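Open the model in your viewer and keep the sequence panel beside it. The tour goes stop by stop, with a selection at each one.

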Amino acid sequence: MASLESELAAKLQPDVPHAARIWNYWMGGKDNFQSDRAAGDGVAEVYPEIVLMAQHSRRFLVRAVRFLAAEAGIRQFLDIGTGLPTMQNTHAVAQEVAPESRIVYVDNDPMVLVHARALLANTTSEGVTNYVPADYHDPEKILTEAAATLDFSQPIAVMYMGVMGYEPDINVVRSIVQQTMNATASGSHLVLWDGTDTSPAVVSGAARLAESGGVPYILRSPQELASCFEGLTMVEPGLVPIPLWRPDEPDAQAIDAYGAVARKP
């Protein structure tokens, strides 16, 4: 175990901004380095709404998972590209509604792997929470390893929460989503959101992130994101800015991030 942690520590690269840690910083977390905070502040200078986007992304996850567990009857969740654990993670939300829920988290970041140990310990006695170290570009590995925890003959919620912007080719994004959903049973759901190119300010923010040394994040049009749901049935209200997806607040405002939940027939 000690050698594993030493190997992981060597891969953390604290001087290089990392997407998961930058996002953790925007969400108010403590698992980040000075390079991540500097990069995050640089983006926020030209696009202050990024902090709001980070907060709304978690609220969208909570609303979507609660809907899936409470209304759609989903008891299995495959959260791909989960990032660093913060508050109200997928397993906590799902198991609050249905304690027997089974959750598999997927990420390829060594810092996430270290923190996953604490995440795995936080589950109900009835449910199961596991972690698969993998890149979303390898859906075959993800599906194979997730099958040790999830029953693919039963419905599964597949989640891509703000991570597909790190793949520059929308055709590759569509292929990854399609391969994953093709492996799931009828009644499964896709949950996906990503940043959109819907304002000049957010485009400038993405450019600043790349200039700071962070991994470039590709903003999509809402139409491009909609193409990832081909063959699925959108749950109302469809693909919308994430604060407007079944909002808890009556005065919710749109931001430059669109998401949706859709059911596999």
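With which side chain does the side chain of Asn89 make a polar contact? Select Asn89 and Arg58: their side chains meet in a polar contact at 3.3 Å. A polar contact here is a pair of N or O atoms within 3.5 Å; within protein, one must be able to donate a hydrogen and the other to accept it, and residues adjacent in sequence count only if both atoms are side-chain atoms. Asn89 sits in the loop between strand 1 (76-80) and helix 5 (90-97). Its relative accessible area is 10%, so Asn89 is buried. Buried means under 20% relative accessible area, exposed over 50%, and partly exposed in between, with a 1.4 Å probe and protein chains only.

A word on what is on screen. This is a predicted model: local features need pLDDT of at least 70, side-chain atom pairs count only at pLDDT 80 or more, and totals for chains, interfaces and linings use all residues. Residues are numbered from 1 along each chain as its sequence is written, and side-chain values use heavy atoms, with hydrogens and water left out.

**The whole chain**

Zoom out and colour by secondary structure. The protein has 10 helices and 8 strands. These are DSSP runs, numbered from the N terminus: helices are H or I of at least four residues, strands E of at least two. Along the principal axes, the C-alpha atoms fill a box of roughly 45 × 45 × 35 Å. The radius of gyration is 17 Å, which agrees with the value near 18 Å for a compact globule of 265 residues. That radius is taken over C-alpha atoms, and the globule rule is 2.2 Å times the number of residues to the power 0.38.

Buried residues make up 52% of the 265. Of the contacts with a separation of 6 or more, 71% join residues 24 or more positions apart. Contact means heavy atoms within 4.5 Å.

Switch on the surface. Its accessible area is about 11,500 Å², and 53% of that belongs to carbon and sulfur atoms. The areas come from the Shrake-Rupley method with a 1.4 Å probe; for residues, only the protein chains shown count as cover.

**Strand 5: His189**

Select His189, in strand 5 (residues 189-195). At a relative accessible area of 4%, His189 is buried. A polar atom of its side chain lies 3.1 Å from the backbone oxygen of Gly187. Show the surroundings of His189: beyond four places in sequence, its contacts include Leu68, Ala72, Ile74, Met181 and Val261. Ile156, Ala157 and Val158 are also among them.

**Strand 4: Met161**

Next, pick Met161 in strand 4 (residues 157-161). Is Met161 buried or exposed? Met161 is buried, with 12% relative accessible area. Measure across to Trp193: the C-alpha atoms are 5.4 Å apart, with the two positions 32 residues apart along the chain counted as their separation. Met161 touches Trp193, as well as Phe60, Leu61, Ile80 and Val191, leaving out residues up to four places away.

**Helix 2 and the loop after it**

Keep Trp193 displayed and add Trp23, in helix 2 (residues 19-26). Trp23 touches Trp193 too, along with Ile50, Met53, Ala54 and Ser57, again not counting residues up to four places away. Trp23 is partly exposed, at 22% relative accessible area. Its C-alpha is 8.4 Å from that of Leu84, 61 residues away in sequence.

Move on to Gly28, in the loop between helix 2 and helix 3 (34-46). Gly28 is exposed, at 59%. From its C-alpha to that of Ala54 is 9.4 Å, across 26 residues of chain.

**Around strand 7**

Select Glu236 and Pro237. What is the peptide bond between Glu236 and Pro237? The bond is cis, with omega near 10 degrees. Pro237 belongs to the loop between strand 6 (233-234) and strand 7 (240-241).

Leu244 touches Pro237, and also Ala252, Gln253 and Ala254, not counting residues up to four places away. Leu244 lies in the loop between strand 7 and strand 8. Leu244 is partly exposed, with 31% relative accessible area.

Finish on Arg246, in the loop between strand 7 and strand 8 (257-263). Check its backbone: phi is positive, about 45 degrees, although Arg246 is not a glycine. At 33% relative accessibility, Arg246 counts as partly exposed.
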